[in-house]
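Got your viewer open? Take a seat and follow along, one selection at a time.

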Amino acid sequence: MHLENLVLRHFRNYEEQELSFDNNVNVFLGENAQGKTNLLEAILILAVAKSHRTTNDKDFISWDAESAKIEGRVEKHGQSVPLELTLTQKGKKAKVNHLEQKKLSQYVGNLNVVMFAPEDLSLVKGAPGVRRRFINMEIGQMQPVYLHDLSQYQRILQQRNHFLKQAQIKRKSDPTMWQILTEQFIEVAVKLTKRRADFIERLEQFAVPIHFKISRELEHLKLEYKPSVELEGANPEEWQANLYKKMESIAQREIDRGVTLIGPHRDDLFFYVNGQNVQVFGSQGQQRTTALSVKLAEIDLIFEETGEYPVLLLDDVLSELDDFRQSHLLAAIQGKVQTFVTTTSTDGIDHETINSATTFLVDKGTVTKQ
Ligand SMILES: Nc1ncnc2c1ncn2[C@@H]1O[C@H](COP(=O)(O)OP(=O)(O)O)[C@@H](O)[C@H]1O
Ligand SMILES: [Mg+2]
């Protein structure tokens, strides 16, 4: 798939900007703080209706404006689909083919992106929440129904936590209410856990051979999903029944603490290289290779799932990769993945790539095609 164009209105430091893109490599060149990352962020938001940088949608709106708009046409399966997101102080409005979508989960998935930014190293090094966010964003892009389950889970979790907090304060709980909330909780928890386990397994299949090559055939990567609740049993009914028993066994502890102690909100994902946990024992280089392998694996996985390659966003990372890793990445995307690269300088980027790319200069919120 390709992003044919992008129109921004009052988005961050862009007042009005219209751009059309190359189907191969697009390079945004400019000094710091000119708006390069903002451009990639706009493409990411157009895809997943969320940003990697903030959870507060108001941050997107230019300081002197009331609302922001991002528009773009996506070419896929031979068709051109216009997407439109309006961001206001009150919330988001999303349109596909000029038709408003009632739910964001219906909107997400029309444009698929894979982003690789310096902070992606924290996918390996950072807190579990970073990895859960990654998992949620990636599955959500491929399977919008996952986003629906996830928001349902978050709502039930909140209700259940509120109930447990009240029980803690009053020192007594209503068993019927406990049962209702726990059954609802379990139904969605099991669904999310299963989807996450399947996703990580498929991602691993693609990531392992990529990592092996980028490490000059020295490193075997392993991904391990660490669900907070294990799925015990042969089918969804058994998973639910076993989880119910587990929740019963910790019921008093949850009331004492006033919070839900287990569930997908406590999941994690581990990476191993040659049997060692990369987060704990990996060098900076190994952590970087791991993050890169996982990102490249996502490209293949999205292709397998949707029949189209996603759009790749590389924020300030290409010039940071050594020649070997860079050439691997470029070989992996060559001619098939539309790519957007930001950089302060073209030094350190493969010459052939730069020469055949379309270059844009970014200066104080204005972009000009070279
Ligand atoms: N809501 C906003 N309204 C106006 N300007 C903003 C807003 N959010 C960020 N900016 C400005 O955007 C610029 C940073 O853009 P960014 O894309 O991160 O730069 P870089 O080119 O270094 O990637 C800063 O000058 C910042 O002040
Ligand atoms: Mg930047």
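First stop: select α1 (36-48), α2 (104-107), β8 (113-116), α3 (122-125), α4 (128-142), α5 (144-170) and α6 (175-214), since each of these gives at least two residues to the lining of the largest pocket. Keep in mind that you're looking at a predicted model.

Now colour α4 on its own: with 10 residues, α4 gives the most to this lining. How much space lies in the largest pocket? About 1,200 Å³. To find the centre, show Lys-50, Arg-133, Asn-136, Met-137 and Leu-150 as sticks, as these are the closest to it among the 47 lining residues. Try colouring the lining by class, and you'll get 20 nonpolar, 15 polar and 12 charged residues.

Where does this pocket sit relative to the domains? Give domain 1 (1-112 + 308-370) one colour and domain 2 (119-303) another. Both domains supply lining residues, so the largest pocket lies between them.

**Next stop: the second largest pocket**

Select Pro-209, Ile-210, Lys-213, Leu-296, Ile-299, Asp-300, His-328, Ala-331, Ala-332, Ile-333 and Lys-336, which line the second largest pocket. The elements giving two or more residues here are α6, α10 (284-306) and α11 (323-333). Which of them has the largest share? That's α11, with 4 residues.

This pocket has a volume of about 210 Å³. Its lining has 7 nonpolar residues, 1 polar and 3 charged. Keep your domain colours on: domain 1 and domain 2 both contribute to this lining too, so the second largest pocket also lies between them.

**Next stop: a sheet**

Go back to β8, and switch to a cartoon view. You're at one end of an open sheet of 6 strands, which runs in the order β8-β12-β13-β3-β14-β15 with mixed pairing. β8 and β15 (366-369) are the edge strands, each with a single partner, so one side of each has no neighbour in the sheet. Look along the sheet and you can see the twist: on average, neighbouring strands are turned by 20° against each other, direction ignored.

Zoom in on β8 and its partner β12 (residues 311-315): the two run parallel and are joined by 4 bridges. Strands in a sheet pair through backbone hydrogen bonds. For a close-up, pick Met-115 and look across to Leu-313 in β12, which stands opposite.

**Last stop: zoom out**

Finally, select residues 3-348. The UniProt annotation, from an unreviewed entry, labels this span "domain: RecF/RecN/SMC N-terminal". The span is 47% helix and 22% strand, and its end C-alpha atoms lie 26 Å apart.

Technical notes: Residues are numbered from 1 along each chain as its sequence is written. Chains are lettered from A and ligands numbered from 1 in the order in which they are written. This is a predicted model: local features need pLDDT of at least 70, side-chain atom pairs count only at pLDDT 80 or more; totals for chains, interfaces and linings use all residues. Side-chain values use heavy atoms; hydrogens and water are left out. UniProt positions are given in the numbering used here, feature names are shortened, and annotations may be inferred rather than shown by experiment. On a 1 Å grid over the protein atoms alone, a cavity is a set of points where a 1.4 Å probe fits but cannot get out, and a pocket is an open set with protein on both sides within 12 Å along at least five of seven lines; lining residues have an atom within 4 Å of a point. Grid points are joined across faces, edges and corners, and a volume is the space filled by probe spheres set on the points. Ala, Val, Leu, Ile, Met, Phe, Trp, Tyr, Cys and Pro count as nonpolar, Asp, Glu, Lys and Arg as charged, and the others, Gly among them, as polar. Domain bounds come from an automatic or database domain assignment. Two strands pair if DSSP finds at least two bridges between them. Axes are lines fitted to C-alpha atoms, for helices over the stretch in contact, and angles run from 0 to 180 degrees between N-to-C directions.
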